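Hi,

Here is the structure I promised to pass on. Have a look when you get a minute, and then read my notes underneath.

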Amino acid sequence: GSGDIMELTEHSSQIASVRWSPIVPEIVAIGDYDNKVCLWNIEKQSLLRVMSGHTGRVSSLAWNEYILSSGSRSGQIFHHDVRVSNHHIATLVGHDLEVCGLAYSEDGKYLASGANDNNVMIWTDGETTPLHALIEHTAAVKALAWSPTSKNLLASGGGTQDRQICFWNATHGTLQHSVDTGSQVSSILWSKKTKELVTGHGYSQNQLTVWKYPTMTRLAELTGHQDRVLQLAMSPDGSTVVSLGADEALRLWKIFDCETETKTKRSEKARATSSKLSMHCR
């Protein structure tokens, strides 16, 4: 791409969640504080449709082909079929508080949801009640990520009072193992290339941590954000991670093409790449 920054100036409400369509690359879904889900064509800078129905802000989104799932402050999850006019095709009821994380498994068989009630729910296609309620965490769960190689393996991360990364077998609803990270876990991404994952954290280091799975050995601690890391996203080729912090900085980290490098070299290379790029992203 050109690297140009485009603004959706017509979206008047405060934005709570954003998710790109996996089918149509120029389409992005936005959940807002006015309880709406909006679909935008970024190339044309045009609003395609507005999907209403929630009674609270829409704080999480996830796509499964043409089905867009949205989680709300009410605790409900809606399924929208964006191809049809009567878009609202199902309501999932299970959480008591705001749904702050949603993620589909690689094959679309499972939907995971995390909420401010400290619970993780596993849902299957066509069902409106959860297959499993996972209650190990002791703080809100926003960070959810499915393994790209083990289709039933889910990682979830807890908030400040919990600090755990938990690994679940979604088929049986069982906890395989967990690790105390020492700080809030705001986001999790699995590597597309190696048996590794990266997590975003809050106080006190506001760092990204790279882990070796399944030993959960720390391979690198990447610092630079001045406030907690809010979200992570990965480049299409799987090599680069972008982090968004509460310090209003975007940082780009070259992480997952460093398989042959030592821990120290990996950390130094990722930090140098971040400092160079972040100056252009503020």
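Below is what I found on the strands and how they pair.

Bear in mind throughout that this is a predicted model.

Let me start with strands 5 to 8. These four strands make an open sheet, ordered 5-6-7-8, and the pairing is antiparallel. At the edges you'll find strand 5 (58-64) and strand 8 (88-92); each has a single partner strand, so one side of each is left without a neighbour in the sheet. From one strand to the next, the twist averages 20°. Inside that order, strand 6 (residues 67-72) runs antiparallel to strand 7 (residues 77-81), and five bridges join the pair. If you want a spot to zoom in on, try serine 70: its bridge partner is phenylalanine 78, in strand 7.

Now for strands 13 to 16. Here, too, you get an open sheet of four strands, with the order 13-14-15-16 and antiparallel pairing. Strand 13 (141-146) and strand 16 (174-180) are the edge strands, and each of them pairs on one side only. The twist in this sheet averages 20° from one strand to the next. Strand 13 is paired with strand 14 (residues 153-158) in the antiparallel sense, over five bridges. For a landmark there, go to alanine 143, which stands opposite glycine 157 in strand 14.

If you only have time for two places, I'd pull up serine 70 with phenylalanine 78, and then alanine 143 with glycine 157.

Over to you, and shout if anything is unclear.

Cheers

Notes
Residues are numbered from 1 along each chain as its sequence is written. This is a predicted model: local features need pLDDT of at least 70, side-chain atom pairs count only at pLDDT 80 or more; totals for chains, interfaces and linings use all residues. Side-chain values use heavy atoms; hydrogens and water are left out. Two strands pair if DSSP finds at least two bridges between them. Axes are lines fitted to C-alpha atoms, for helices over the stretch in contact, and angles run from 0 to 180 degrees between N-to-C directions.
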